[in-house]
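Here's a quick tour of a fold, taken from the outside in. Have the model open and follow along.

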Amino acid sequence: MLDSGSVQNVYAGGIVNSTILNTSSIQNVYAGGKVERTTLNDGAKQFVEASATVNSTTVNSNASMTISDGGQANTVVVNSNGWLQLGSGGTINDLTQNTDAAIVTNTGATITNGKRTDNIGFGIWAGIASNFLLRGNAQLTVYNGHTVTGDHQQILDGGELVIHT
């Protein structure tokens with residue numbers, strides 16, 4: 001467990017299992033690092049860099065997860081008031097977006113097997129974003145030549161859809 005203000009760095013070849021990050025703690029996962037089963041609580045932050053992999057991360061209220069270009073996450077749950085930023089070239093396989101969770105991403109990223117709190121599937125694949133729920137601080141940027149599709153796109157309560165032409 002990492003308590004208030006603690007920092008954990010996971011470098012190439014490093015493997016960390018079952019970590020709980022509390023108030024203002026930070027976990028940095030660098031290229032070649034691997035993290036399994038992380039819970040991010042109030043104010044905690046996880047940064048996943050290029051060529052790093054995290055599995056089974058839960059982002060709780062007021063916590064955040066940032067995945068850079070080339071970073072990968074598998075099985076991510078973002079709960080109410082949690083925040084996820086997925087950069088262009090980053091990948092998430094199996095993402096659950098619960099009520100009032102904010103996702104900030106773009107069509108250069110990849111999300112497979114996304115599921116919203118209302119059980120509607122969503123994702124991004126090859127520049128096509130489908131069925132996003134944008135609420136609160138959520139934002140989806142659609143790059144020039146890319147597409148937004150789906151019968152269940154929703155922009156609510158301050159969510160933002162940015163389309164580049």
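What follows goes from the whole chain to its sheets, then to a few individual residues.

**The whole chain**

First things first: this is a predicted model. The chain has 19 strands and zero helices. Its radius of gyration is 15 Å, close to the 15 Å that the globule rule gives for 165 residues, so the chain is as compact as a globular protein of that length. Put a box around the C-alpha atoms along the principal axes and you get roughly 40 × 30 × 25 Å.

On the surface side, the chain exposes about 7,300 Å², and carbon and sulfur atoms supply 46% of that. As for the inside, 42% of the 165 residues count as buried. Now take the contacts with a separation of 6 or more: residues 24 or more positions apart account for 13% of them.

**The sheets**

How are the strands of the open sheet ordered? There are eight of them, paired in parallel, and the order reads β1-β3-β5-β7-β9-β11-β16-β19. At the edges sit β1 (7-10) and β19 (160-163), each of which pairs on one side only. From one strand to the next, the twist averages 10°.

At the β19 end, strand β16 (residues 139-142) runs parallel to β19, with four bridges joining the two. Some even-numbered strands pair up as well: β2 (residues 15-21) runs parallel to β4 (residues 34-40), and β4 in turn pairs in the parallel sense with β6 (residues 53-59). Here are these pairings, each with one bridge to look up in the model:

| Strand pair | Bridges | One bridged residue | Its partner |
|---|---|---|---|
| β2 and β4 | six | valine 16 | valine 35 |
| β4 and β6 | six | threonine 39 | threonine 58 |
| β16 and β19 | four | leucine 140 | leucine 161 |

In each row, the residue and its partner are worth displaying together.

**The core**

In soluble globular proteins, nonpolar side chains tend to be buried together. Here, the largest nonpolar core has 35 residues, and those with the most contacts inside it are Met65, Ile67, Leu84, Ile92, Leu95 and Phe132. Strand β8 (residues 72-78) gives the most to this core, with three residues.

Isoleucine 67 is a good one to click on. Beyond four places in sequence, its contacts include Val48, Leu84 and Ile92, along with Gln72, Ala73, Gln85, Leu86, Gly87 and Gly90.

**Two buried residues**

Valine 48 lies in strand β5 (residues 45-48). Is valine 48 buried or exposed? At 0% relative accessibility, it counts as buried, because the cut-off for that is under 20%. Leaving aside neighbours within four places in sequence, valine 48 is in contact with Val29, Val54, Met65, Thr66, Ile67, Ser68, Gly71 and Gln72. Glutamine 72 is 24 residues away from valine 48 along the chain, yet their C-alpha atoms are separated by 7.4 Å.

Which strand holds glutamine 97? That would be β10 (residues 91-97). Glutamine 97 counts as buried too, at 1% relative accessibility. Not counting residues up to four places away in sequence, glutamine 97 touches Val78, Ile103, Phe122 and Leu133, as well as Lys115, Arg116 and Thr117.

Key
Residues are numbered from 1 along each chain as its sequence is written. This is a predicted model: local features need pLDDT of at least 70, side-chain atom pairs count only at pLDDT 80 or more; totals for chains, interfaces and linings use all residues. Side-chain values use heavy atoms; hydrogens and water are left out. Two strands pair if DSSP finds at least two bridges between them. Buried means under 20% relative accessible area, exposed over 50%, partly exposed in between (1.4 Å probe, protein chains only). Contact means heavy atoms within 4.5 Å. Axes are lines fitted to C-alpha atoms, for helices over the stretch in contact, and angles run from 0 to 180 degrees between N-to-C directions. The radius of gyration is taken over C-alpha atoms; the globule rule is 2.2 Å times the number of residues to the power 0.38. Accessible areas come from the Shrake-Rupley method with a 1.4 Å probe; for residues, only the protein chains shown count as cover. A nonpolar core is a set of buried Ala, Val, Leu, Ile, Met, Phe, Trp, Tyr and Cys residues joined through side-chain atoms within 4.5 Å.
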